[in-house]
Every structure is written in C-alpha cells, then in structure tokens.
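Here is a quick tour of one protein model, written for someone who would rather look at side chains than read a methods section. Keep the structure open as you read.

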Amino acid sequence: MSAVVYAHREVRRARYAVAAVFAVHGAVTGSFATRVPWIQDHAGVSAGQLGLALAFPALGASVAMPLAGRVSHRFGARTALRGLLALWTLALVLPSLAPNLLTLCLALFLYGASAGMSDVAMNALGVEVENRIDKSIMSGLHGMWSAGALTGSAAGTLAAHLGADARLHHVLAAGVLTVLGRVACTWVLDLQPAEDEDPPPRFALPPRSALLIGAIGFCAVFAEGASLDWSAVYLRDQLDTSAGLAAACTTGFTLTMAVARLAGDKVVDRFGAVRTVRVSGVLAALGGLLVVLGGHPAVAMTGFALMGLGIAVVVPLCFAAAGRAGSNPSLAIAGVATITYTSGLVAPSAIGGLAQATSLVVSFGLVTVLACCLVLFAKVLRAGDRNRPKISPTSAAVPDRQP
C-alpha cells in the first residue's frame with residue numbers, strides 16, 4: 001500500500017472518529033438539559049437561583065478554554081482530546097449530586113470548564129482534518145453534535161418519563177458516553193508539536209482575527225439562544241397559542257438547524273464560506289421579519305424555522321476560519337469559542353430584559369438586526385472560504401475533493 005493511499009485512509013478514518021466525538025459531546029448536553037427540573041428540585045433552588053446557577057457553565061468554559069491549547073501541546077492532540085472528553089462525559093454526573101445552590105454552582109462551573117476545553121480540542125482537530133482532505137466538513141461535524149444532543153435529549157426524556165433518579169441516569173449515561181468517547185478518540189489525528197515549538201501561554205487575549213470572526217459567531221449564537229429559549233414563549237404569550245404548539249415551534253427550530261448543518265458542507269464547498277454566510281444571513285433576517293411582522297402562529301413558526309436554517313452553518317464556519325486565520329489555531333479557536341459562549345450566556349437574559357422594558361416583538365427585532373450583520377460582515381470569514389477550483393481526481397498529492 002502506497003504512503004499516499006495509507007494517509008488518505010488515515011484521514012478518512014479520523015474524519016469519522018472526530019464526527020463521533022462531536023456526537024458524544026452533544027449527547028452530554030442533551031442528557032443534562034432534560035433533567036434540569038429534577039436537579040432544581042434536588043438542590044432546592046428557586047427559579048431565580050437556578051437562572052444564576054445556569055450562568056456558571058459558560059463562566060467555567062470561558063475561563064478554561066484558553067488552557068486547551070497548552071494541554072494539547074503538552075500531551076499531543078489525541079491524548080489531550082481523550083482526557084478532556086472523558087472529563088466532560090464524567091462531569092455530567094456532578095450537577096445531579098449537588099444538594100444546594102453553592103454546590104450546584106461549583107458543579108456547573110466544572111461542568112462548563114470541561115465542556116469548553118474539550119470543545120476547543122475537538123474543533124481544532126476537525127479543522128485539521130478539513131485542511132487535509134480539502135473539503136468542508138465543519139458544518140457536518142456540528143450537525144453530528146446536534147444529532148448527539150437530540151439523542152441524549154430523547155434518552156433523558158424517557159428517563160424523566162419513567163421517573164428515574166437523575167443521579168442513576170447520569171451515572172449510566174456518563175459511563176456509556178465515556179467508553180464511546182474513548183473508542184472514538186483512538187482514531188483521531190495524533191498531532192504532535194514540533195520540538196522547537198514553544199507552548200502556548202496559559203492565558204492570552206484572543207488574536208484580533210479571532211475577535212472579528214467571533215463577532216460573526218456572536219450574532220449567530222445570539223439568534224440561536226434567543227430562539228431556543230424564547231420561541232415557545234413568543235408563540236404562547238404574543239400569539240396566544242397552546243403550550244403544545246409553542247413547544248413544537250422550538251422543536252422545529254432545532255430540527256432545521258440540525259438538518260442544515262448535516263447538509264451544509266456541500267453548500268459551502270459549492271459556494272464558499274463568505275457567500276454561504278451572506279445567503280444564510282438573508283434567510284435568518286427574513287425569518288426574523290416573519291416573526292416580528294407575521295402576527296400569525298404559522299407565519300411565526302415559519303420564521304423561526306428560517307432562522308434556524310439561516311444561522312445553522314455560521315458557527316462551524318467561524319471555527320473553520322479561526323483555525324486558518326493565524327499561526328496559533330488553538331488560541332484563535334479558543335477565542336472564537338469564548339465569544340460564542342458569552343453570546344449564549346447573555347442572549348436569553350438580554351431578550352428577557354428588553355421584552356420586560358418593551359415587548360418580545362422588539363426583542364426579536366434586535367435578533368433580526370443581528371441577522372443582517374451576518375450579511376454585512378461575512379467577508380471576515382474569507383480565511384475559511386473553501387470555494388476554490390476542484391482538485392483533479394487523478395492527483396496523487398491530495399485526496400479527491402468532491403463538490
């Protein structure tokens with residue numbers, strides 16, 4: 001077997017392995033989210049206290065994500081991801097063990113820290129695989145994350161329906177996901193730093209390129225967080241629908257995001273990152289206008305679905321662009337991840353605060369404006385644009401790149 005063919009097979013295997021890692025990572029989130037009511041009752045916290053506690057995962061992630069690059073430099077990419085992913089899957093158990101607000105905040109801080117570091121490590125490896133096969137895969141990888149989250153959510157819903165203790169549920173889920181994650185990490189790329197390469201700093205400000213790319217991600221994640229947390233409330237309170245129809249709106253938004261991510265790589269390969277995000281911004285802005293101006297449940301639900309379709313591929317493309325924007329991909333990816341996590345943290349409360357002062361219609365008017373920013377500033381993703389001429393299938397230097 002020639003070295004080129006062997007390398008090609010190794011990279012293809014690594015692609016499927018990192019996709020499995022994304023799915024495992026998402027399954028932890030889905031498993032946790034469905035048991036939040038049980039965790040609230042067990043810890044004996046009010047709704048306001050729970051809202052405070054739920055800010056700690058993003059705080060933990062923001063603090064810890066810059067460390068991911070140093071861990072990968074010290075142990076190598078494969079070993080680092082194996083360890084960080086195991087920390088994340090095992091951290092699933094912590095929140096359900098918390099007996100009060102203080103321990104719940106601490107548990108969620110550690111939960112978020114492990115989530116953020118493994119997030120950076122797996123995205124960095126995903127970008128490296130994408131570079132080697134010269135084909136867009138980041139949207140599909142994030143689609144696998146969404147699929148994993150839906151799977152974890154479905155299992156958690158079943159456990160809640162059966163009245164299972166969340167501690168037992170999460171111990172079992174953590175055990176299964178830890179094993180699956182360890183197996184998947186066996187075949188990811190084993191990147192090692194050069195002998196003369198200096199380790200990245202423990203903490204450092206994101207590079208300027210990451211700030212610009214992160215601003216695009218901020219807009220997309222703000223729209224995502226607003227729609228996930230407030231779409232059902234919008235339909236119920238603003239349009240006077242039933243609770244079931246309101247919940248269906250959120251489900252529809254989630255499904256359109258998952259489907260668009262799974263199918264998005266072909267679109268990116270065909271049109272490039274910049275044009276894809278510009279069209280995505282148009283779709284998201286159109287969806288926002290339907291939500292704000294529609295005045296009918298069916299129109300609003302269509303609007304939320306369009307927003308999900310429009311913002312789905314933006315964050316994966318931000319990570320891809322960050323990984324190519326400078327000499328330190330892990331630091332740039334960590335910077336973009338920090339900004340997007342921050343957006344996810346502030347979006348729900350910002351929407352609620354603006355709605356309290358004005359109305360939910362005005363709140364989603366702001367979301368629509370941010371969607372327009374995707375159209376205006378998509379050019380900052382040019383570093384991740386893969387809209388280049390196709391490589392000939394007969395080339396022996398690199399694998400074939402299909403549209």
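## A greasy patch, a pocket and some salt bridges

L94, L97, L106 and L110 together make a nonpolar surface patch of about 340 Å². Keep in mind that the model is predicted. Two helices are behind this patch, with α7 (93–97) and α8 each giving at least two residues. Take L110, which sits in helix α8. L110 has a relative accessible area of 42%, so this leucine counts as partly exposed.

Now for the empty space. Rolling a probe the size of a water molecule over the atoms shows where such space is left. In this model, the largest pocket holds about 2,100 Å³. The elements that give two or more residues to its lining are α1 (3–33), α4 (56–64), α8 (101–133), α9 (138–161), α11 (208–238), α12 (243–271), α15 (314–322) and α16 (329–357). In total, 50 residues line the largest pocket, and T29, W145, E224, L228 and D229 lie nearest its centre. What is the lining made of, in terms of nonpolar, polar and charged residues? The split is 29 nonpolar, 17 polar and four charged.

On to charges. Side chains of opposite charge can pair when their charged atoms come close. This model has four salt bridges, and the table shows some of them, including the pair E130 and R324.

| Salt bridge | Closest N to O distance |
|---|---|
| E130 and R324 | 2.1 Å |
| R167 and D165 | 2.7 Å |
| D237 and R236 | 2.8 Å |

The pair of E130 and R324 ties together distant parts of the chain: E130 is in helix α8, R324 is in the loop between α15 and α16, and 194 residues separate them. Is E130 buried or exposed? E130 has just 1% relative accessibility, and the cut-off for buried is under 20%, so E130 counts as buried. Its partner R324, at 22%, counts as partly exposed.

In the pair of R167 and D165, R167 is partly exposed at 33% relative accessible area, and D165 is also partly exposed, at 27%. For the pair of D237 and R236, the values are 48% for D237, which is partly exposed, and 45% for R236, likewise partly exposed.

One last contact to look up is at S209, in helix α11. S209 and V380 are 171 residues apart along the chain, yet their C-alpha atoms are separated by 8.3 Å. S209 itself is partly exposed, with a relative accessible area of 25%.

Note on methods:
Residues are numbered from 1 along each chain as its sequence is written. This is a predicted model: local features need pLDDT of at least 70, side-chain atom pairs count only at pLDDT 80 or more; totals for chains, interfaces and linings use all residues. Side-chain values use heavy atoms; hydrogens and water are left out. On a 1 Å grid over the protein atoms alone, a cavity is a set of points where a 1.4 Å probe fits but cannot get out, and a pocket is an open set with protein on both sides within 12 Å along at least five of seven lines; lining residues have an atom within 4 Å of a point. Grid points are joined across faces, edges and corners, and a volume is the space filled by probe spheres set on the points. Helices (H or I, at least four residues) and strands (E, at least two) are DSSP runs, numbered from the N terminus. Ala, Val, Leu, Ile, Met, Phe, Trp, Tyr, Cys and Pro count as nonpolar, Asp, Glu, Lys and Arg as charged, and the others, Gly among them, as polar. Patches are made of residues with over 30% relative accessible area and no salt bridge: like charges are joined within 9 Å, nonpolar side chains (Val, Leu, Ile, Met, Phe, Trp, Tyr) within 5 Å. Accessible areas come from the Shrake-Rupley method with a 1.4 Å probe; for residues, only the protein chains shown count as cover. A salt bridge is a side-chain nitrogen of Lys or Arg within 4 Å of a carboxyl oxygen of Asp or Glu. Buried means under 20% relative accessible area, exposed over 50%, partly exposed in between (1.4 Å probe, protein chains only).
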